[in-house]
Amino acid sequence: MELNKFEFYLMNNPMRRWLQKHVEFKTFKGFLDKHNLSLEGKIVLDAGCGSGYSTKLIHQFSPANLIGFDLMPSQIAKAKQKYPELNFFVRDVLDTQLDTDKFDAAFVFGILHHIPGWKDAIKEVYRTLKPGGVLLIEDLNKDASRFFATYIRFDHPQEAYFTWEEFSYHLEETGFTILEQTRIFSKGVGSFLCLKN
Ligand SMILES: C[S@@+](CC[C@H](N)C(=O)[O-])C[C@H]1O[C@@H](n2cnc3c(N)ncnc32)[C@H](O)[C@@H]1O
């Protein structure tokens, strides 16, 4: 689902970028370092990349090939304008049209709570990863989605209101092994490092 105007504005402001760099990305970097996982020279995907700031951060890992995509043409237009050196396109994570077993790693920063078919999105990202590939995924649980719907007028689909138990269950049922996980913001935001079995 596309973002409403208010969330689009909030996702594209300096405070969001600060949080993404100093909290969310730092968490993922810590996970990778802890497990001695390097993305240098690897093929990496940023699914639901928004206006491309996450892709720019991921580029610091020196992957050989990095692509970012998002459902919203307006997000991808911003990404292309800001980071012309990176590779972006408009695509739905439910139908990426990307090759099977292609990527060494995929980042999914905060998109599944927008997708009624979020379990299918996990399966599609799984399909695109190589066996042993790395998934770095962060999202909101249903408490956080309820909070944002009540106080900040976000309109996330009810079908994507999940608990951490449901979220972890579907990661594992799809075929991922969860190596690390952490919660921040009163446990409303969770970050996971997984490997494709
Ligand atoms: C909360 S924003 C996060 C954007 C970016 N990953 C970040 O962390 O700043 C959620 C993003 O997911 C995208 N999105 C929602 N549904 C999607 C889908 N089915 N396929 C791809 N992207 C989707 C939205 O367009 C939006 O840019």
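**Close-up A. Strand 5 sits mostly under cover in this predicted model.** Nine of the 12 residues in strand 5 (129-140) are buried, where buried means under 20% relative accessible area, exposed over 50% and partly exposed in between, with a 1.4 Å probe and protein chains only. Helices and strands here are DSSP runs, numbered from the N terminus: H or I of at least four residues for a helix, E of at least two for a strand. Residues count from 1 along each chain as its sequence is written, and side-chain values use heavy atoms, with hydrogens and water left out. As for confidence in the prediction, local features need pLDDT of at least 70 and side-chain atom pairs pLDDT 80 or more, while totals for chains, interfaces and linings use all residues.

**Close-up B. Strand 5 has strand 4 on one pairing and strand 7 on another.** Strand 4 runs parallel to strand 5, and six bridges join the two; Phe107 stands opposite Leu136 of strand 5. From strand 4 the chain goes through helix 5 to reach strand 5, a right-handed β-α-β crossover (with the strands pointing away from the viewer, the path from the first strand over the helix to the second runs clockwise). With strand 7 the pairing is antiparallel, through seven bridges, and there Leu136 faces Leu193.

**Close-up C. The whole sheet is open and mixed.** Its seven strands come in the order 3-2-1-4-5-7-6, two strands being paired if DSSP finds at least two bridges between them. Strand 3 (87-90) and strand 6 (176-184) are the edges, each pairing on one side only. From one strand to the next, the twist averages 15°.

**Close-up D. Strands 6 and 7 make a hairpin.** Eight bridges hold strand 6 against strand 7 (residues 189-196), and the two run antiparallel. Ile178 is opposite Cys194, and Arg183 has Gly190 as its bridge partner. Four residues lie between the strands, and Phe185 in this hairpin takes a positive phi near 50°.

**Close-up E. Helix 5 lies across five strands.** Helix 5 (residues 118-128) crosses strands 1, 4, 5, 6 and 7, at about 145° to strand 5; angles run from 0 to 180 degrees between N-to-C directions, and axes are lines fitted to C-alpha atoms, for helices over the stretch in contact. Among its buried residues are Trp118, Ile122 and Tyr126. What covers the buried residues of helix 5 includes helix 7 (164-174) along with strands 1, 4, 5, 6 and 7.

**Close-up F. His114 is tucked into the loop between strand 4 and helix 5.** His114 counts as buried because its relative accessibility is 8%. Which residues does His114 contact, leaving aside its neighbours within four places in sequence? They are Met1, Leu3, Glu7, His156 and Pro157, with contact meaning heavy atoms within 4.5 Å.

**Close-up G. The ligand has 21 residues around it.** Arg16, Gln20, Gly48, Asp70 and Asp92 come nearest; a residue is near a molecule if one of its heavy atoms lies within 4 Å of it. In the side chain of Arg16, an N or O atom is 2.5 Å from a ligand oxygen. Ligand nitrogen is met by backbone atoms: an N or O atom of Gly48 at 2.6 Å, and a polar atom of Val93 at 2.9 Å. A polar contact is a pair of N or O atoms within 3.5 Å; within protein, one must be able to donate a hydrogen and the other to accept it, and residues adjacent in sequence count only if both atoms are side-chain atoms.
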